[in-house]
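Student: Could you take me on a close look at one part of this protein? I would love to start with its aromatic rings and then see what else there is around the chain.

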Amino acid sequence: MTRDLSILAGRPAPLGATVDGDGVNFAVFSDNATRMTLCLFSEDGTTETHRLDLPEREGGIWHGYVPGLTAGQKYGFRADGPYAPEQGHRFNAHKLLLDPYARQITAHPTWDDALMGYTVGAKELDLSFDRRDSAPFMPRCVVCADSGAGTTRPETPLAESVIYECHVRGMTMQHPRATRPGTFLGLASDPVLEHLTRLGITAVELLPVQAFLNDRFLVNKGLVNYWGYQTLGFFAPDPRYLAEGDIAEFRQMVARFHAAGIEVLLDVVYNHTCEGDQTGPTLSFRGLDNRSYYRLAEDRRFYLNHTGTGNTLNTDHPMVLRLILDSLRYWVEQMHVDGFRFDLGATLARTARGFQPDAAFFTLVRQDPVLNRVKLIAEPWDIGPGGYQLGAFPPPFLEWNDKFRDGVRRYWKGDGGMVPELANRLTGSAAQFDHSGRAATASVNMVTAHDGFTLTDLVSYNERHNLANGEEGRDGHAANFSDNLGHEGPSDDPDIIAARARRRRNLMATLLLAQGTPMILGGDELGRSQGGNNNAYCQDNPTSWVDWSAVDADFLAFTRQMIAFRKAHPILRQKRFLHARERLIDGLEDLFWWRPDGAPMHDSDWQDAGLKVLCAEMRTASGTPFYAAREDALFLVFNTGDAVQVALPARLQGNCWIRRVDTGAAEAFAETFENGKARIAAQSVAVFVQEKSA
């Protein structure tokens with residue numbers, strides 16, 4: 001091993017590897033290490049050419065500057081210190097460690113027992129210490145230069161947003177015209193962009209793209225981590241999505257989306273890392289400073305597991321918070337993304353007192369001039385004590401609303417007493433979100449998401465069918481509120497096929513007619529099925545990929561129609577909550593609940609468990625800055641029972657009611673009503689617009 005490079009003191013900021021034209025500065029945090037060694041590798045990454053101890057330490061940050069290094073240099077760290085699990089320390093200088101701030105990682109770890117800090121199979125794990133070098137099985141970090149300026153951001157207002165959750169590989173692996181399928185460049189290829197723009201999508205929410213690990217138990221079963229919720233590096237794009245191994249491909253993808261008027265949101269996992277519990281590998285954080293990076297139990301050999309993955313990041317520690325915020329800013333400023341969805345967001349607000357709405361993470365994000373201007377979406381729960389926190393996040397955070405998902409599913413499934421529940425979900429879930437000055441857009445409404453059934457499977461299966469995951473079908477949600485409508489799985493019965501098509505139209509229509517921010521699961525508009533697998537996290541194969549050869553053209557056309565209808569009617573996209581009472585601003589009511597016979601809904605009606613029809617009339621005020629632009633009225637009918645006659649509300653002089661949406665009809669049409677009643681088909685949604693008479 002040659003030692004012909006010099007290392008100077010350098011500086012403690014910024015963290016990571018920073019190129020300045022004459023060399024590279026390295027800075028890495030560890031409060032408890034006794035020595036930090038920089039390991040440099042050959043151009044092809046195969047040979048460790050230098051080991052240089054970082055010469056300076058300031059406030060727990062080790063740093064050094066190596067003249068002559070350039071972008072592209074491959075590197076890693078080794079940290080020396082006490083191996084004392086009972087004290088929370090798991091240092092092992094035999095293990096090559098990834099830089100938490102690495103902007104590029106060459107590959108994924110190759111599973112071998114040498115990745116473990118302890119001796120696998122030892123009777124006493126705490127007393128064992130593995131001396132094998134893990135470098136042959138570890139990827140390398142790559143020094144990267146800063147990017148140039150980004151493109152103009154769409155900056156779509158939340159009230160105008162329609163989010164599309166999708167997977168980089170899943171969207172493109174089976175597309176017949178996508179170039180470089182399975183990569184960032186493939187996702188941003190012309191046919192995908194054409195599909196999304198025609199559909200009316202304003203933002204894609206990508207399942208995790210930060211570098212992640214393929215879990216050992218999956219690899220041993222011939223499976224992989226498809227979803228990506230096991231983060232290995234918070235700054236690096238996952239190498240499997242790079243066509244040519246250049247992180248600039250991610251920025252090219254974002255630029256193409258922006259040019260098409262579509263924002264890019266990232267699903268990010270800052271609640272835990274891929275290193276797992278005390279039996280997991282030593283890849284980065286555990287080896288750099290286990291006691292600082294992770295929340296440890298009272299017995300410090302063990303980890304607090306609020307995430308279900310074995311460990312929980314310690315967001316009480318200022319340097320862990322700094323890591324998270326630096327990472328977020330990097331993706332906004334250098335990679336040009338437009339926002340984030342925080343997996344298990346409740347974990348980020350945990351302190352020693354449990355979940356806190358005023359936790360440091362929220363405070364720092366809300367005052368940050370970069371982050372408080374992008375879209376921020378929380379998954380508002382984790383599995384720790386008091387982990388379900390729907391509605392408790394402060395503005396400007398939006399939240400995934402599982403109550404919307406379950407309430408809408410149960411209503412269309414035909415469960416009794418669901419009319420009040422549907423009314424609450426249609427009006428932005430005010431019971432959860434109308435506080436602290438939050439807007440109705442705070443509720444991210446969804447009927448399906450990556451975690452669960454697709455829309456087609458929701459109406460085709462009563463039970464989950466997850467045997468391919470290798471867990472004997474025990475994994476995945478058991479309470480899906482699904483309905484196979486008479487047959488489990490695919491059917492050639494025309495009546496079942498028609499009923500399923502109508503149910504899907506009902507669910508999609510309800511999603512797009514509700515106040516809040518709608519999110520569509522990628523492929524639902526095409527009729528995508530996962531064969532009843534409601535937890536396809538390890539299925540990187542046609543089970544999860546969109547099948548572009550089997551598109552349901554009728555449902556695709558209907559989804560386009562509904563998105564266009566939502567965009568054409570501002571009343572469906574209001575920022576203020578609708579409460580069916582006089583508004584303070586003008587003394588007018590904006591929402592009326594009617595019985596099918598035209599009488600107002602009373603308490604006894606709301607308590608009627610047998611009621612199967614919900615009728616809502618929405619009105620807006622003219623010329624106010626707080627409500628949607630002038631629009632006389634919409635009349636929405638949601639019928640989960642038999643066909644029924646519904647009285648139309650009074651109309652203004654010179655106006656008429658025109659039925660513009662009817663999920664009971666196979667094709668779009670317009671039907672005009674001057675007075676009286678309208679027949680609403682069984683199991684259907686109808687929407688009437690008050691317009692000027694011809």
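Tutor: Here is a walk through the aromatic rings, followed by a few other places in the chain.

Please keep in mind that this is a predicted model. A search of the whole structure turns up 37 aromatic pairs. Let's pick one of them: the ring centres of Tyr 270 and Phe 342 lie 6.5 Å apart with their planes at 40°, so this pair counts as tilted. The pair links distant parts of the chain, since its two residues are 72 residues apart. Tyr 270 sits in the loop between strand 13 (263-268) and helix 6 (285-293), while Phe 342 belongs to strand 14 (residues 339-342). Are these two residues buried or exposed? Both Tyr 270 and Phe 342 are buried. They also belong to one aromatic cluster, whose members include Phe 29, Phe 234, Phe 285, Tyr 293 and Phe 340.

Phe 29 leads us on to Ser 30, which is placed in the loop between strand 2 (23-29) and strand 3 (35-41). Ser 30 has a relative accessible area of 0%, so it is buried, the cut-off being under 20%. Leaving aside neighbours within four places in sequence, Ser 30 touches Met 36, Arg 57, Gly 60, Trp 62, Phe 91, Leu 288 and Asp 289.

Strand 3 also takes part in an open sheet of 4 strands, in the order 4-3-7-10 with antiparallel pairing. At the edges are strand 4 (48-53) and strand 10 (141-142), each pairing on one side only. Strand 10 pairs with strand 7 (residues 74-80) over 2 bridges, and Tyr 75 has Cys 141 as its bridge partner in strand 10.

Now for some empty space. The largest pocket holds about 1,200 Å³. Of the 45 residues that line the pocket, Trp 227, Tyr 229, Thr 307, Gly 308 and Thr 309 are the closest to its centre. Helix 4 (216-219) and helix 9 (402-413) are the elements that give two or more residues to this lining, and helix 9 provides the largest share, with 4 residues. By class, the lining has 18 nonpolar, 15 polar and 12 charged residues.

Our last stop is Ala 670, in the loop between strand 25 (655-662) and strand 26 (671-673). Leaving aside neighbours within four places in sequence, Ala 670 is in contact with Ile 658, Arg 659 and Arg 660. The C-alpha atoms of Ala 670 and His 108 are separated by 56 Å, and these residues are 562 residues apart along the chain.

Conventions. Residues are numbered from 1 along each chain as its sequence is written. This is a predicted model: local features need pLDDT of at least 70, side-chain atom pairs count only at pLDDT 80 or more; totals for chains, interfaces and linings use all residues. Side-chain values use heavy atoms; hydrogens and water are left out. Buried means under 20% relative accessible area, exposed over 50%, partly exposed in between (1.4 Å probe, protein chains only). Contact means heavy atoms within 4.5 Å. On a 1 Å grid over the protein atoms alone, a cavity is a set of points where a 1.4 Å probe fits but cannot get out, and a pocket is an open set with protein on both sides within 12 Å along at least five of seven lines; lining residues have an atom within 4 Å of a point. Grid points are joined across faces, edges and corners, and a volume is the space filled by probe spheres set on the points. Ala, Val, Leu, Ile, Met, Phe, Trp, Tyr, Cys and Pro count as nonpolar, Asp, Glu, Lys and Arg as charged, and the others, Gly among them, as polar. Two strands pair if DSSP finds at least two bridges between them. Rings of Phe, Tyr and Trp (its six-membered ring) pair if their centres lie within 6.5 Å; planes under 30 degrees apart count as stacked, over 60 as edge-to-face and the rest as tilted.
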